[in-house]
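User: Please take a close look at one part of this model: a helix pair, the end of one of its helices, and the loop that follows. Then set that part against its surroundings.

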Amino acid sequence: MPDFTKEHALNAVIALGLLVVPLWAYFAGEIFTITLFTRITILALAGVGLNIALGLGGMVSFGHAVYFGAGGYAAGILAQHAFNGAPLLGLSGSNQMLVIWLVAMVVSGLLAAIIGAFSLRTSGIFFIMITLAFAQMFYYFAISWPAYGGEDGLPIYVRNQFPGLNTMRPLELFLICWGVLMAGLALFATLRASRFGAALMAIRQNPDRVASLGINPFGIKLAAFVISGMVTGLAGALMADLSRFASPAGMAWTMSGELIVIIILGGTGRLFGPVVGAAFLVGFEVFFGGLTEHWKLWLGVVLLAAVLFGRGGIVGLIAGRERFG
């Protein structure tokens, strides 16, 4: 069986399993399992965002937490102003998820455009450090922003609404997140199969040769970086709704590290790599976190093994090394 067929089959099994287990949990009364899988889908969506920049463009961003956190604060701030009726920049807040998602993506996209305009003029370790510096700058701004909770974070008192569904019910919130994740994966697959994606991957391999063909590497990379930030920001808004809390911790460098770990574990550039990586990370935390407070030590061992012996990640170990969606 060809490798690409294996990966297509594996992707279908993962997508179906991600949906079936929470449905089973609903009928079995296992609410915790539904919430756990909701968290997996949201982290996977954030990983999809980073995978656009890292997996397709080779941009090792250590600052994607800023977009994740910005999306969370967009949800929290809009919800707070809708709750207390106070105007926001002359406008009312909103507790409608569709509005919040749009705002979160616009804010995250603008931040990605600004950060990318500076950081993409560098490469290698300099790019990594600049993205990290920007993320830490916004993190410290968030913890010193008393109007919206400062280091204590911003609570969301009532979960935001989605047309036709009751988001207070765990299964319905999961279905929303699962649908958004599938849309995010479809976007990634479309980008990868497009001429834009081909140009982006060519730039990753040899930017000078691409420039000689009349293509602007900086413009292509900046567009991909902005799209990447918007998807990650959307995930941040969903996570804020799940936890009903927007926290500065969502902007911390450790969050950026978690997203990179998700990509490496699942498989860099793989369509369902972020889903597998997120499931592994959350499952590892839940299982080993209940056994020892030093569970991250063992996660480090697994990550080291993945880097040394399984460069295609978990998906690559199962489906082979070739990168097909």
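**Helix 9, its partner and its end**

Analyst: Start with a tryptophan. Leaving out residues up to four places away in sequence, Trp101 touches Phe162, Ile176, Val180, Leu234, Ala237 and Leu238. This is a predicted model.

Two of those contacts lead straight to the helix pair. Val180 is on the helix 6 side of a helix-helix contact, and Leu234 and Leu238 are on the helix 9 side. Helix 6 covers residues 170-193 and helix 9 covers residues 217-243. Their axes come within 11 Å and cross at roughly 170 degrees. An angle over 145 degrees counts as roughly antiparallel, so helix 6 and helix 9 are roughly antiparallel to each other.

Who makes the contact? Helix 6 supplies Leu173, Cys177, Val180, Leu187 and Leu191. Helix 9 supplies Ile227, Val231, Leu234, Leu238 and Leu242. By class, that is ten nonpolar residues, with no polar and no charged ones.

Now follow helix 9 to Leu242, which belongs to that helix. Is Leu242 buried or exposed? Its relative accessibility is 15%. Buried means under 20%, so Leu242 counts as buried. Beyond the residues up to four places away in sequence, Leu242 touches Thr35, Thr38, Arg39, Ile42, Arg159 and Leu173. Leu173 is also one of the helix 6 residues in the pair contact. Arg39 shows a long-range link: Leu242 and Arg39 are 203 residues apart in sequence, yet their C-alpha atoms are 7.7 Å apart in space.

Those partners also point to helix 2, which spans residues 31-56. The largest nonpolar core has 96 residues. Leu45, Met59, Trp101, Leu181, Phe225 and Val275 have the most contacts inside that core. Helix 2 gives the most to this core, with 15 residues. Trp101, the starting point here, is thus among the residues with the most core contacts.

Next comes the loop. Arg244 lies between helix 9 and strand 2 (245-246). Its phi is near 55 degrees, a positive value in a residue other than glycine. Most residues other than glycine have a negative phi. Arg244 is partly exposed, at 28% relative accessibility. Setting aside neighbours within four places in sequence, Arg244 is in contact with Pro155, Ile156, Tyr157, Val158, Arg159 and Met168. Arg159 also appears in the contact list of Leu242. Trp145 is another matter: its C-alpha atom is separated from that of Arg244 by 19 Å, with their positions 99 residues apart along the chain.

For a second helix pair, take helix 10 (residues 253-266) and helix 12 (residues 295-309). Their axes come within 9 Å and cross at roughly 50 degrees. That angle makes helix 10 oblique to helix 12. The crossing is left-handed. Val261, Ile264 and Leu265 of helix 10 meet Leu299, Val302, Leu303, Ala306 and Val307 of helix 12. By class, this contact has eight nonpolar residues, no polar and no charged ones.

One last residue, Ala211, sits in helix 8 (residues 207-212). Ala211 is partly exposed, with a relative accessible area of 38%. Ala211 and Ala86 are 125 residues apart in sequence and 51 Å apart in space, C-alpha to C-alpha.

Key:
Residues are numbered from 1 along each chain as its sequence is written. This is a predicted model: local features need pLDDT of at least 70, side-chain atom pairs count only at pLDDT 80 or more; totals for chains, interfaces and linings use all residues. Side-chain values use heavy atoms; hydrogens and water are left out. A nonpolar core is a set of buried Ala, Val, Leu, Ile, Met, Phe, Trp, Tyr and Cys residues joined through side-chain atoms within 4.5 Å. Buried means under 20% relative accessible area, exposed over 50%, partly exposed in between (1.4 Å probe, protein chains only). Helices (H or I, at least four residues) and strands (E, at least two) are DSSP runs, numbered from the N terminus. Contact means heavy atoms within 4.5 Å. Axes are lines fitted to C-alpha atoms, for helices over the stretch in contact, and angles run from 0 to 180 degrees between N-to-C directions. Angles under 35 degrees count as roughly parallel, over 145 as roughly antiparallel, 65 to 115 as roughly perpendicular and the rest as oblique. A crossing is left-handed if the near helix is turned anticlockwise from the far one by less than a right angle, and right-handed if clockwise. Ala, Val, Leu, Ile, Met, Phe, Trp, Tyr, Cys and Pro count as nonpolar, Asp, Glu, Lys and Arg as charged, and the others, Gly among them, as polar.
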